[in-house]
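Visitor: Could you take me through one part of this model up close? I'd like to look at the salt bridges and then at the place where the chains touch.

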Amino acid sequence: VAEALAGRSLTEIAAAIAAKQVSALEVTRACLARIEAWQPRINAFITLEAEPALEAAARADAALARGTLLGPLHGVPLAHKDMFARAGTAASGGSRILGELVAGDTATVLERLASAGAISLGRLNMSEFAAGPTGHNAHWGDCRNPWNTAHIAGGSSSGSGAAVAARLVYGALGSDTGGSVRLPAGFCGVVGLKPTYGRVSRHGAMPRAWSLDAVGPLARTARDCALLTGIVAGYDPRDATSSRDPVPDYVAALADGASGLRLGAPPEAVTSGWSPAIVGALDTALAVFRDVGAPSRVVDLPDFTGLYALADAVSKSEAAAMHGRWLRERPQDYSVHVRSRTEAGLHIPAARYLEALAIRGKVAAGFVGTVFAEIDVLVLPVLAVPVPTIAETDVEASAEIPGVVAGITQLTRPFNYLGLPALALPVGFDPNGVPISLQLVARPFNEALLFRLAHAYQAATDWHRRLPTLT
Amino acid sequence: MTEPSDELARLIELEARLLQRRPVTATRAAELAVEVERINRRVAAEAERQHGFFDDPFQFVALLESLKDAPRG
């Protein structure tokens, strides 16, 4: 029974709890049983909060017995990257330093999920200070991919990807500054959204680079991801970059299907350097998209290396500014990798940083005006090569490896600079047993199109129904 | 002639001493120099390519809102 409960989607389990077919307590216990089995293998949690979760589940059941449904997530167990503030507690940020700082109030996204009735099972693993795309963590232990534990889970929201994929929780929040939601979602085979810059409040979320950071959900299906996004998105006066653009009903929009959506695919000149397995999965997925009514055409893409450098200048400068004092006073409390990555930003001149920000609007308008002139959704892989192993990306071990790690964000980081919404969608498996995922990108504030396309794809395929097994 | 990255590496070492941070090895300073120089050169080139169109970065969300709707033809 516990396995059957944990195997359901967020949407299904929320409906079952609301209909009193199953109690929140039973569902929470089922998740805790899976966590007990999987945690030693994948290290998805930094802190498990079992007792508070069971108490919250009991309260949710009591409320429902009185006829009170708290919201669309009533009694549903979630857990989040350990970087969201909760009043009176300290989030580690995956670091040795932040755990000493107690938050004064609670992150807006956590308040909104709690208001919707969600239960929190604990705090999920992440890259130190959200500063790495692999899921290595020198302080809390590396997070591992549930499909093949020799491989990275992806980062920096590593625990979010691994926990959702292993069915330890029904959904999780992550943050994305250069790919940190899309990479772990993609590598672990779940759906993950980096929303448009300004769509979801960052109040109470640990910043990595405030001009690029986006908070987004990871979930088992596109429908689950749409549901979570609708709950956390929307204007927040406590985040100065928060947009007042109305939030559509993303779940209701799924009924519109994918028919009529115009897709853009990369030209052969770009794909020729990619792994054959990735290109094959892309072609197969494009055929499925066509069959559900969304044909594709090849579109010219600008050189991503320029966009990458612009994003890098902003990211490194802002991170260095935030970490400057700790870098000087507590360098020993950083891993070598994160200290080195962050330190680089101290040497980018202010003029370069400001240039990168000042031309951002023009670059973004130019990209949207040309790439999206005749398409609605751009389709790219999350990663153009097979997901590497933990050993292949151990930056503490070899001077050669930082370059390999930087290559992981080659296709994701540019969209943080451009501010565009991008969704990771699993579309198959590599011969190494690790998922292959695509990245669907749209014009600003067009998340609904991404959910519609991904949902139509999942209605026609079954990749999202496959579960990793303990071996 | 000294390569620019060597000069930058020396600046990085100098800064480390000025701020009394941990000692930076010459190897690490050189790695940082290569990385930083790549970023700086590329950003400068991109800024040059945009022919001096400079926006207020604080209006970026408003710009994204204006790009929401696709032209349909």
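Guide: Let's start with A:R34, which forms a salt bridge with A:E3, their closest N and O atoms being 2.7 Å apart. A salt bridge here is a side-chain nitrogen of Lys or Arg within 4 Å of a carboxyl oxygen of Asp or Glu. The general idea is that side chains of opposite charge can pair when their charged atoms come close. A:R34 lies in helix α3 (residues 24–42) of chain A and A:E3 in helix α1 (residues 2–6) of chain A, so this pair ties together parts that are 31 residues apart in sequence. Helices are DSSP runs of H or I with at least four residues, strands are runs of E with at least two, and both are numbered from the N terminus. A:R34 counts as buried, at 6% relative accessibility, whereas A:E3 is exposed, with a relative accessible area of 53%. For those words, buried means under 20% relative accessible area, exposed means over 50%, and partly exposed is in between (1.4 Å probe, protein chains only).

Before we go on, some ground rules: this is a predicted model, where local features need pLDDT of at least 70 and side-chain atom pairs count only at pLDDT 80 or more, while totals for chains, interfaces and linings use all residues. Residues are numbered from 1 along each chain as its sequence is written, chains are lettered from A and ligands numbered from 1 in the order in which they are written, and side-chain values use heavy atoms, with hydrogens and water left out.

Now hop over to chain B. Chain B has 3 helices and 0 strands, so to speak a plain α-α-α when you read along the sequence. Of its 73 residues, 34% count as buried. The accessible surface of chain B is about 4,900 Å², and 56% of that belongs to carbon and sulfur atoms (Shrake-Rupley method, 1.4 Å probe).

Helix α2 of chain B (residues 26–49) is a good place to stop, with B:E37 and B:R41 sitting 4 residues apart in it, about one helical turn. Their side chains meet in a salt bridge of 3.5 Å, N to O. B:E37 is buried, with a relative accessible area of 19%, while B:R41 is exposed at 54%. Further along, the side chains of B:E46 and B:R42 also meet in a salt bridge, at 3.2 Å, N to O. These two lie in helix α2 as well, again 4 residues apart, about one turn of the helix. B:E46 is buried, with 7% relative accessible area, and B:R42 is partly exposed, with 26%. Back in chain A, salt bridges that share partners join A:E49, A:D82, A:R86 and A:R123 into one network. Over all chains, a search of the whole structure finds 27 salt bridges.

What about the place where the chains touch? Here 51 residues of chain A are in contact with 34 residues of chain B (contact meaning heavy atoms within 4.5 Å). The area buried between chain A and chain B is about 3,800 Å², with carbon and sulfur atoms giving 63% of it. That buried area is the accessible area (1.4 Å probe) that two parts lose on being put together, summed over both. Between chain A and chain B the count is 4 salt bridges. A:D312 and B:R38 meet through their side chains in a salt bridge, 3.1 Å from N to O.

There are also 11 residue pairs in polar contact across this interface, both residues at pLDDT 80 or more. A polar contact is a pair of N or O atoms within 3.5 Å; within protein, one must be able to donate a hydrogen and the other to accept it, and residues adjacent in sequence count only if both atoms are side-chain atoms. On the chain A side, the elements that give two or more residues are α12 (304–329), α13 (336–343), α14 (350–358), α15 (360–371) and α17 (413–418). The largest share, 9 residues, comes from α12(A). By type, the residues on that side divide into 24 nonpolar, 11 polar and 16 charged. In this sorting, Ala, Val, Leu, Ile, Met, Phe, Trp, Tyr, Cys and Pro are nonpolar, Asp, Glu, Lys and Arg are charged, and the others, Gly among them, are polar.
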